[in-house]
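The following exercises concern cysteines and charged side chains. Please work through each one before reading its solution.

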Amino acid sequence: MAAGATRPGEAPPPAVELQGIDKWFGTNHANRGIDLAVMPGTIHGIIGENGAGKSTLMNILFGFLEADGGRILVDGEPRRIRRPEDAIRAGIGMVHQHFMLVEPFTVVENVLLGAEEGPLLRRSRAKARAELGRLARDYALDVPLDAVVHDLPVGLQQRVEILKALYRGARILILDEPTGVLTPAEADHLFRILTGLRDQGRTVLLITHKLREIMAVTDRVSVMRQGAMVAHRETAETSREDLAELMVGHKVILRIDKGRARPGAPVLEVRDLWVHDRQDVPRLKGLTFDVRAGEIVGVAGVSGNGQSELLEVLSGILHPTKGEVRVGGEPVLNPAQGRSLGVGHVPEDRLRVGLVRTFPAWENAVLGHQRDARYEQGGFMRRRRIRDVCRDWMRRHDVRPQSCDLEAGGFSGGNQQKLVLAREMEHEPGLLLVGQPTRGVDIGAIELIHKRLVALRDRGKAILLVSVELDEVMALADRILVMFDGTITGEVPGEGADERRIGLLMAGIAEEAA
Amino acid sequence: MRDALPAWVELGLLPLLNLAFAFLVTGVIVVILGENPLEAVELLVYGAFGYGEAWGYTLFYATNFIFTGLAVALAFHAGLFNIGGEGQAYIGGLGAGLAALAFGGGSPFLVLPLCVLGAALFGAVWGFIPGWLQAKRGSHVVITTIMLNFVAASLMTYLMVNVLIVRGSQIPESAGFGPGADMPGLNGLLNLFGLDVGRSPLNLSLVLALVCCVLVWAFVWKSRPGYEVRVVGQSEPAARYAGIVPGNKVILAMTLSGVLAGLMAVNEVLGAQHRLVLGFSGGYGFVGIAVALMGRSHPFGVVLAALLFGALYQGGSELAFDMPAISRDMVVVIQGLVILFAGALEHMFRPFLTGIFVRRRDAAPAVREAARG
Amino acid sequence: MADVWLQALLVTDSTVRLAAPLVLAAMAGLFSERSGVVDIALEGKMLGGAFAAAAAAAYTGSAWLGLLAALVVSYLLAMLHGFATITNRGDQVVSGMAINIAVAGLGPVLADAWFHQAGRVPVFGAGTRFTEIDLPFAEAARAVPLMGSFYAEVVSGHNLLVYLAALSVPLTAFVVYQTRFGLRLRAVGENPAAVDTAGIPVARMRYEALMVTGLLCGVAGAYLSIGQGAGFVRDMTAGKGYLALAALIFGKWRPVPTLLACLLFALADALQTRLQGVTLPVIGELPTQAIQALPYLLTILLLAGFVGRAVAPKAIGQPYVKER
């Protein structure tokens, strides 16, 4: 391979070039022969749905993960990037989706970590201050240098991450889903920073699943789907519709045949519901809504805007600091009592919360119902009964392999979800809470799960569906509640929902303003 | 994710390999001491199983280890590491001893159950405290149980020296218990089977220990509270989801663990010493850690491991007599090595075994691609 | 008055002597635990060091070679802990327990085999121990009231290792707060992923921390057998490693508060022998066992949040595994 030095008159080589990157996680082919060229001095977007393999690819480029095959070239030269320090040396910096900051450290200490000058800190500190001051001026990256990171709002924490990368002399900056935790105003500020970086000749790789961001700031965009790179486009020459189709492919599953809902009496009544976290920060701010029998109410929103807390408080796991949750007129006090009121719950994190990974399927089949007289007698588990029930559910819900002795962790994501869903539905809940029902689930299983949810609705049950997949919410829900920053910013009917309007509500722009 | 090994490798070969390594290192030490390890093993086996009385002592020690091993194992199922078996056994002895001193003159049919109850109750309290502290105050069981071992030792020293000592005596021992508090020996029973355990203190506690094994087994794998304890041990979020209050199960598991450790005193105090003496718990609580790790927290495994350590303790004494270069402390070394290899280094051979027993991953993608079509 | 002062000086003096091994071991534990590795094996490393020091000093007749042996053995034990918990991601408490128990057995076994003294290693002869050093002008200062006698009784007249222990605290504070190593050490115990992505290998960082832990524990062990004491006896650490761990928790994993906790625990120990049989007003006769148990009770109360709160380094006890 020829050295990558540019001769005058020639176009510069790509700042980063990936050739045939392959990565497996067990049986999951997360990256399939990825090719990508990122030109210097551009903002290059990589878009794809959750689980398309974007983060994996970037973690490989940054040396956090090692690829099973393929090559990485930086400025035209092949590089072996096996550890983050290799990437840093090659001029690559990364802002991770979950910040890599030491919370009790000050901003300066965080920036210094790994980029100290010599064994004593004094000189390093002085140099860092001067340099950070310069960076702050050049790129509108103001941060209080002596503040403890733990006390900073997330927007500022993210700037610390960017400063960290720049302080290490990163010419190529990777940002992984940087706006997931930001308010729209913070996101706009971030985009100004990124444009500034590009204008000064740095290269930015922006990973996101949001079309708006791609259209707003990128020069070029590459689309990933199910671990493969499916297209490269000039942003100016493409459209949202084009990209959306590329991202999703031809998804048949989202056309669900469902009849009109026939809502009955309210099953779930939520009144002025407040929840504060341990730091006493309000996570839910006075929610009021109903879910009626025979309807699916969808909750849409950018993740982290209170949806997880909502599910936990409705199922009784979290306690409201104010307000009340009633199911069938009775207040929900804790998960066990909630179940006795007929609350079923398919949690967002099925493998950590909804199942016990090391338990066989049959023991998982009664998780949460272990005190039910059908499964327990005189303090002992009715093993044979439970196993019969488990086998029956596995057959009827098409859980494969149909072995009730297999550990939960041994099933695929889709089959784990079917197992959880079977358990929660077979107890005929009056109200079913469902969180991210199809996250990490293969397409065949998605279709089946959606059908089951609609069938349950048609049997007159109330369903509350929380999903970060807007398409899923729009396809399933009869009414859509949009959440932003712990509040419900608006309600949209499911039938013929206006995506643009939901998008505005998700960004916190309330009805009147919109 | 870890590649799954076949069950017989996971449950059989891997633990055996770990154990073998512990003994291999022991053998090396024996060689360093200038003795022949094979000869040492021969002497040890004879010392442990060669004649009736040896069997008696081996089983007597094993009884202690079954109790303390079960205690550690039960806590493991709740995701807790109970290092406090030593203190719980010591305090359990106080419970047994106080009951014995108070009612020792009565009929054994009344007194013995009271003494056993005393041991269980006192052990329960010493297990409950760290359990409660973790559940309600968030202090870690590992640290509090370590600290409580020392508190138990100080408390017992105080009581022995100042309160329970026989008036006028210089030896910190309680008065002897009455005959009603003697745990019946097993020699008579065993004679029927042609085994004479001689003057060994083997007593009915062995039967109690075996009963406890069955009870622990039933509790952990058959009962609903045991199920809930295991859920907590595997995943607290799953427990909360399932309507289980994790703290309550932590308290339950630690209390039961304390009961089991406390019952060890029945064997030692009522079966052997027949009075309270300083330091009768003798480190047996710590042996429980090795026993539970080696027995993979299963009562059946605990019995096997306890038998092994019983043999090491008894055979080790005999060995020290015949081979002066190898002192009795060698058993403690083995105990440490077993904890090291069966516990801390339990996964050391896993990659090696995975290489042998699990089909190589490199070959798999092609197969899967083909299957995808 | 003079008598009370003298009594106070004597108590302070023995507090310093009793605190020295605690301080060394606690500082040792600080490095390990700040890097995210729980170390209940301070006890075992000290005991191993104590045995090695005694054995080497008895064999070679040199205290310095004794110290060297203690450093080597304690260092190797620390590396074993690292191999089990960092490389093999084994349980840190289990590994610590294994080391404590194995060493508790191995010391007497080797002592028996090599010295035939029922598990003891006596050390005698000139130059085999670190003996008391009289600082300059100590005798002259004795005549000066207060400060002078304090200098002569408390500051002067300890062996080298006590001064090393005293030095270890400011040194630890400096390393932890003012150096690159310290910055990385504190970071790796809080958020190892941040350290990893900053281009610093997490495992190497933790091994380096354990290295320091091992060396400091070695000094503590040598102090017991060839400084304060004259030889190795079975279980001679007698829970000092655990006490140091308690002090570390009590000091909230910070050097100076940890030093204060060590001094407090040592003071309790020093008073215990003096208060034997003494009747105090109000309380009456205080059982020595109550004072013995005090440090442990205090630590339990602290951990339970009844007296302040100790927040451990966030990543402590967890092996570092990259998330996918």
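**Exercise 1: A salt bridge between chains**

Arg224(B) is buried, with a relative accessible area of 12%. The model is a predicted one. Determine which side chain meets that of Arg224(B) in a salt bridge, and where the two residues lie.

*Solution.* Step 1: the partner is Glu376(A), with an N to O distance of 3.2 Å. Step 2: the pair crosses between chains, since Arg224(B) belongs to helix H9 of chain B and Glu376(A) to strand S17 of chain A. Step 3: Glu376(A) is also buried, at a relative accessible area of 15%, as the cut-off is under 20%.

**Exercise 2: Extending the network**

Identify the residue with which Glu228(B) forms a salt bridge, and state whether Glu228(B) is buried or exposed.

*Solution.* Step 1: Glu228(B) pairs with Arg371(A), the closest N and O atoms being 3.2 Å apart. Step 2: Glu228(B) lies in helix H9 of chain B and Arg371(A) in the loop between helix H12 and strand S17 of chain A, so this pair joins two chains. Step 3: Glu228(B) is buried at 1% relative accessibility, whereas Arg371(A) is partly exposed at 47%. Step 4: a network of salt bridges links Arg371(A), Glu376(A), Arg224(B), Glu228(B) and Lys249(B).

**Exercise 3: Cysteines**

Establish how many disulfides the whole structure contains.

*Solution.* Step 1: the search over all chains finds zero disulfides. Step 2: for Cys390(A), the nearest cysteine sulfur, in Cys404(A), is 4.6 Å away. Step 3: the sulfur of Cys212(B) is 7.3 Å from the closest one, in Cys213(B), which is too far for a bond.

Key
Residues numbered from 1 in each chain as written. Chains lettered and ligands numbered in written order. Predicted model: local features only at pLDDT ≥ 70, side-chain atom pairs only at ≥ 80, totals over all residues. Heavy atoms only, no water. Disulfide = S-S within 2.5 Å. Salt bridge = Lys/Arg side-chain N within 4 Å of Asp/Glu carboxyl O. Helix = DSSP H or I, 4+ residues; strand = E, 2+ residues; numbered from the N terminus. Buried < 20%, exposed > 50% of the residue type's maximum accessible area, 1.4 Å probe, protein only.
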